[in-house]
Amino acid sequence: MSAVSSNSFARSNTAVGLFFMLPAAAFLLCFLTYPLGLGVWLGFTDAKIGRDGIFIGIENYQALARDSVFWMAVYNTVLYTFIASVLKFGFGLWLALILNEHLPFKSFFRAIILLPWVVPTVLSALAFWWIYDAQFSILSWSLMQIGWIDGPINFLGDPNNARASVIAANVWRGIPFVAISLLAGLQTIPQSLHEAASLDGATGWQRFRFITLPMLTPIIAVVMTFSVLFTFTDFQLIYVLTKGGPVNATHLMATLSFQRGIPGGQLGEGAAIAVAMIPFLLASILFSFFGLQRRKWQQGGQD
Amino acid sequence: MTINRRHLLGASAGLVAAAGLNRFGLSPAFAQGAAPAYKPEEGASLRLLRWVPFVPAEEAAWLANTKKFTEATGVEVRIDKESWEDVRPKAAVAANVGSGPDMVMSWFDDPHQYPDKLVDLTELGEYLGGAHGGWYAGLEGYAKRDGKFIALPLCAIGNAVIYRESHMKAAGFSEFPKDTAGFLELCKALQAKGTPAGFPHGKAVGDGNNYAHWLLWSHGGKMVDESGKVTINSPETLASVKYAQELYKTFIPGTESWQDVNNNRAFLARQVSLTANGVSAYYTALKDPGMKDIADDMRSTNLPIGPVGQSVELHQASTLSIFKHTKYPEAAKAYLQFMYQADSMNAWIEGASAYCCQPLKEFAANPVWKSNPIHAAYAKASDTLRPNGYAGPLGTASAGVMADYVLVDMYATAVTGQMTAEEAIAQAEKRANRYYNV
């Protein structure tokens, strides 16, 4: 039967395919599935640094549920991610639109825009640390010189000031990524669409609303997914600026997880906090996939 | 692996034999007099993980001692440095996976987090204690577990009040108050003169914990009792929180965001006239010609005595331990023994210029303490030191409570008015119970 030979050929082709996929699969298994699985497992144990844990079920999570510091960290993380992402998106889009126009020294501006992103986070965080210093803040000093305020602003000491300060630092650092990515997206929009719209008498706002924005949505979805993920898992900025203080007002889940897991030695609980981040991250990914990328026009229909 | 295990068994058998000999065969006087002789294994080499030195001359002295050891025994010792906050996780991982450095110079209760991964140093510890006037009790507490040395106490990094004498006099005080009540008056007067005090209420690993523990202990409060039961919710603690609230009102604004470097920075920038720190602040001022007037005007003293009636402080404590996974336990012990010889230890303490306070009482005679009046307050560090998690057992719970800033947060929430004193204490009690009630 000829079907058999073609079948076995197909089968052997599949086998070769599988064979070639092996390295990638092994790589993913070793470096992605295993650490993630281990993290989830540790969350169910009372492992300490230097001592293997035993399975304790959801005890870590029960303890966290009653822990006001943990809930504070959850609140901070959601607030931090939400505000910082919205601001980064707003400023980033605005900057991308400007850079997409015909400016003098366009390439120069596009290059320096990337600077905050290029500087290692720890270094920029240290710079912000000085900017926000309780005694030596350049901002406080300048405002005092102008005579607008009498004493230094308590940037990192007051809970809400501290939250605003770390968000501002994060936004400063995150804008370039959003701006440059959106700029790349803007340049894929055919100029002819804008020309056609202009001929039809569309205003600048109408062209933005009905051409630029819809054409940009897929890029926005991807960029904002990444931006949200980066922001949600931010660690360095907080660790340098406040270490989570004042009194845990800026503790994010990532910093709390580290504080309890590594210096505190409570690996199991640290892992549980890290695992508790997964639902939030999954939700944001799913939102981006189903909320932003499933528009009708993307499937060939009308919006 | 098999070789490792055989070595290890051999080493522990030797120790058991040695302990047996000590108990039955040798008189204490003889045991005290005779230095244990450790013969480094053939071809041995060692790795020590230590914290990044705060004072360059301290490192120079340590390296010089190490070089002498290498010349005397032929054992190479490699010294790896990690920033002081990173030593804990690195050492814990080394202990956990059973490879990496042979010895570690670690902080606080670290040895108690993995005591079964450490070589028993009882023989060496008891010999050194007997030979050099005895260990200081607080430091010994960090190194001993169930009556056995799992580490050797190395030093206390002294914490002391530093202040501007002219500002104190201007505030109407001819000498520094000895008790907490007088101290509050001084801080009030300093604030009235526009030269306030400041102590960190932020996440300052060293200075923040020093201050918080002094507040608690000077008023007789304690985190746990001897059995490890959380006893933070007590009238003594309440008194200490109330005291901290009063003191906080006299501080320069912004201390709740202070991390470890902020207090010395503010002091050297003439923003505060009184804070507590290691001796490093003085040396920074001394080296900078622009701060000569600060260095000349600067005085040091111990934190005042509270209702508890004695001087008690946390300080920073460091110990040296040997991991069981080392292939050369004898060489490692020989190295430690060498470093604690009077010559080596004295040279090292001198090099540290009052930053590191001696673990053994004999070395209190080191000339460094008399060389500069500013050093005097730091000389008492080992004596006033009380282990973390007093009065309970050391271990993961005590380390976790400190790493989670339970005490620092308790004072910070109360002084900033985010919670009442009672609420802050209740929250600290709840958080501490998470660690102690496992």
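A residue counts as buried if 20 or more other C-beta atoms, placed from the backbone, lie within 10 Å of its own, as exposed if 12 or fewer do, and as partly exposed in between. What you're looking at is a predicted model, where local features need pLDDT of at least 70, side-chain atom pairs count only at pLDDT 80 or more, and totals for chains, interfaces and linings use all residues. Residues are numbered from 1 along each chain as its sequence is written, and chains are lettered from A and ligands numbered from 1 in the order in which they are written.

**Exercise 1.** Work out how many residues of strand 10 of chain B are buried.

*Solution.* Start by finding the strand, residues 316-322 (strands are DSSP runs of E, at least two residues, numbered from the N terminus). Next, count: seven of its seven residues are buried. Now split them by side. In a regular strand the side chains alternate between the two faces of the sheet. One face here has B:Gln316, B:Ser318, B:Leu320 and B:Ile322, and the other has B:Ala317, B:Thr319 and B:Ser321.

**Exercise 2.** Find the strands that pair with strand 10 of chain B.

*Solution.* Pairing takes at least two DSSP bridges between two strands. Try strand 3 (residues 103-107) of chain B: it runs antiparallel to strand 10 over five bridges, with B:Met103 opposite B:Ile322. Then try strand 6 (residues 152-157) of chain B, also antiparallel to strand 10 over five bridges. There, B:Ala156 has B:Ala317 as its bridge partner.

Key
Helix = DSSP H or I, 4+ residues; strand = E, 2+ residues; numbered from the N terminus.
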